[in-house]
Amino acid sequence: MGESFQVGCRQVNRQDVEKTITEYLKPIFGFALKHCKSIHDAHDLSQEIAIRAFRGLLAKEAVVDMGKFIWTVAHNTLSNYYRDTARSMVGVSIEEVAEILADPSSEIDADNDAEAIYRLQSEIAYLSKQQRKIVIAYYFENRRQTDIARELDIPLGTVKWHLFEAKKELKRGMNTMRKTSELKFRPIKFHSYGISGSVGTKSPDDFFRSALSQNICYCVRNTAKTVNEIADDLGVSPVYVENEVEFLEKYGFLQMRKDRYIANFIISEPTAELLILRDNMYKRVAELFANELYDELAASGILDDPDIWCGQTDQPISLTESPKADRNFVLWSLIPYIAAWSGEKLKNESISFEEAATIRPDGAHNIFHASVVPDEMALPEDYVDMKNWSGPMWNESGGRILWQIDSEWSDRGEQPGFRYSKDAGRILSLYEREFQGQCLSKDEYAWLAERGYVKTNGDYDGYFKAVWQIVVLAGKEIQDKLLALGERIKVKYQRDFEALKAPYAEAVLESVPAHLRKVEEYGLQFVFHSDGWFLLHCMKALLKNGKLKAPAEGQRKALTTLITNA
């Protein structure tokens, strides 16, 4: 005898249930076909709906409305289907997506078009974090509004308001054609970036190693935008932008203005005209300054001063004789050092570092800057480009300063594990210990030799000799003599330098957003001083006319490295 149950007031047996489900199979498959990406998925979904409806009817004692029961099962099964397939949705993660399909009478899920359902999923990602949590909990997890309010520690009325606003926002988004910018198809990449100031526990690479972080900042370099506007420009889900924006804002790379974000650092995007203007300016200044400085150093005899120490040689060192410093190698350190530090009183320092710099949560206190250069730009063949350049960098410890530049001639950045801020303190400490007559350990000498700062010969446990290969200025007097040479030249050509700088400074300031003008003005104070482009052009000018020679292969690691008294 078959099992039976009540439908309304009518007794029905198992055979009647099977007949009822069979009658609904065709409309169930039509429902599934509209909501699935393929016929195969539609077959699977319709089968799952039929099985669940059959089991549900057998478990019920009474069903008042058979049609309503079947379609409720269909919608709930469809919700589970979308939950299982959400991982494959482009730009939408399972953790952040809900399908507002749990309530068949919902105004939002009335449209059975599969494309509309897919768009609905994407639009949920554009809701605020709070609204997303509430929508997911209420519609997707079928939780009560009172429980949601208790968990989020907000009033019940706030939950209801968010649900109401979310429906309006979703409908608006569904009816809007979102516009993406060219960044979706042609994302930018920073040509270069760096800092002025101190680093913290994180390096710039920790913030800008991804294309997403770079393009977010580029997108808001001039105009403040909301997370959703940024997402539209980049053509990605707002849930990814949201997390990245919060991280960048926390560390001071973005500035928040109400619900909008704007870049808090300069992203220069120079034109060919501006780059040529800059190149010509530096070429002219370097020809005047670097050539005259080189001639002064060669003619004055100051390079023979015993307070300039350097044991650098590209030949093996002797166990009995101290090597004589290579003058060309010494000049690779002295010329950029003098160019950077001389004429301090000539600088216009009306804007302080504190006014322009950002204090970051990881302990950093610096000014970050980046540049974006088009892939193709018509520049002269003799245009001077900055390759592998870092610095000048300096670090003080124990009354001494380690001053250093990395460049295309040193390629120090290619050394495994090299990081100036991490290494500088240890180098100065080891130098000071040996200067005081202490013998360093075998591992310490090996560490210095690997980085090129010392050259060794012999067996550490037998006959052994170590020679420092970097330039050392032994006292304040020799420092002052060297810097005085540079200052005399800068004073001599001061008016020429100012005239060359004026049009360049004006053009640069015109290209900077108003809220970052002070940062740019601060940087312009250092043009022709501790200015990487100035130092690079000085070295290029001397290499071009043959006064300076390229370093030997064995000299590259310790190139342009100098220790002075603080």
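In this predicted model, residue Q404 stands opposite T561, a residue of strand β15. That facing pair is a useful place to begin, for strand β11, which covers residues 400-406, and strand β15, which covers residues 561-565, run antiparallel and are joined by 5 bridges. Both strands belong to an open sheet of 5 strands, whose order is β7-β14-β15-β11-β10 and whose pairing is mixed. Reading along that order, one finds β7 (308-309) at one edge and β10 (390-397) at the other, and each of these edge strands pairs on one side only.

From the sheet the reader can turn to a pair of helices. Helix α12, made up of residues 272-300, and helix α20, made up of residues 532-544, have axes that come within 8 Å and cross at roughly 60°. The crossing in which α12 passes α20 is right-handed. On the side of α12, the contact is made by R278, D279, Y282, K283, V285, A286, F289, A290, N291 and Y294, while α20 contributes W533, F534, H537, C538, A541 and L542. Sorted by class, the residues of this contact between α12 and α20 comprise 11 that are nonpolar, 2 that are polar and 3 that are charged.

The structure also encloses empty space, for it holds 2 cavities of 30 Å³ or more. The largest cavity contains about 70 Å³ of space. It is lined by 13 residues, and those closest to its centre are I195, K202, P204, F207 and N366. Two elements, α8 (204-208) and β9 (365-371), are the ones that give two or more residues to the lining of this largest cavity. By class, the lining of the largest cavity divides into 7 nonpolar, 3 polar and 3 charged residues.

The second largest cavity holds about 40 Å³ of space, and its lining is formed by W332, P336, W389, I405, S407, W409, M539 and T560. Of the residues in this lining, 6 are nonpolar and 2 are polar, with no charged residue among them. Two parts of the model described earlier can be picked up again here, since I405 and M539 both appear in the lining of the second largest cavity: residue I405 falls in the stretch 400-406 that forms β11, and residue M539 falls in the stretch 532-544 that forms α20.

Note on methods:
Residues numbered from 1 in each chain as written. Predicted model: local features only at pLDDT ≥ 70, side-chain atom pairs only at ≥ 80, totals over all residues. Heavy atoms only, no water. Pairing = 2+ DSSP bridges. Helix = DSSP H or I, 4+ residues; strand = E, 2+ residues; numbered from the N terminus. Axes fitted to C-alpha atoms, helices over the stretch in contact; angles between N-to-C directions. Left-handed = near helix turned anticlockwise from the far one by under 90°. Contact = heavy atoms within 4.5 Å. Nonpolar A, V, L, I, M, F, W, Y, C, P; charged D, E, K, R; others polar. 1 Å grid on protein atoms, 1.4 Å probe; cavity = no way out; pocket = protein on both sides within 12 Å on 5 of 7 lines; lining within 4 Å. Points joined across faces, edges and corners; volume = space filled by probe spheres on them.
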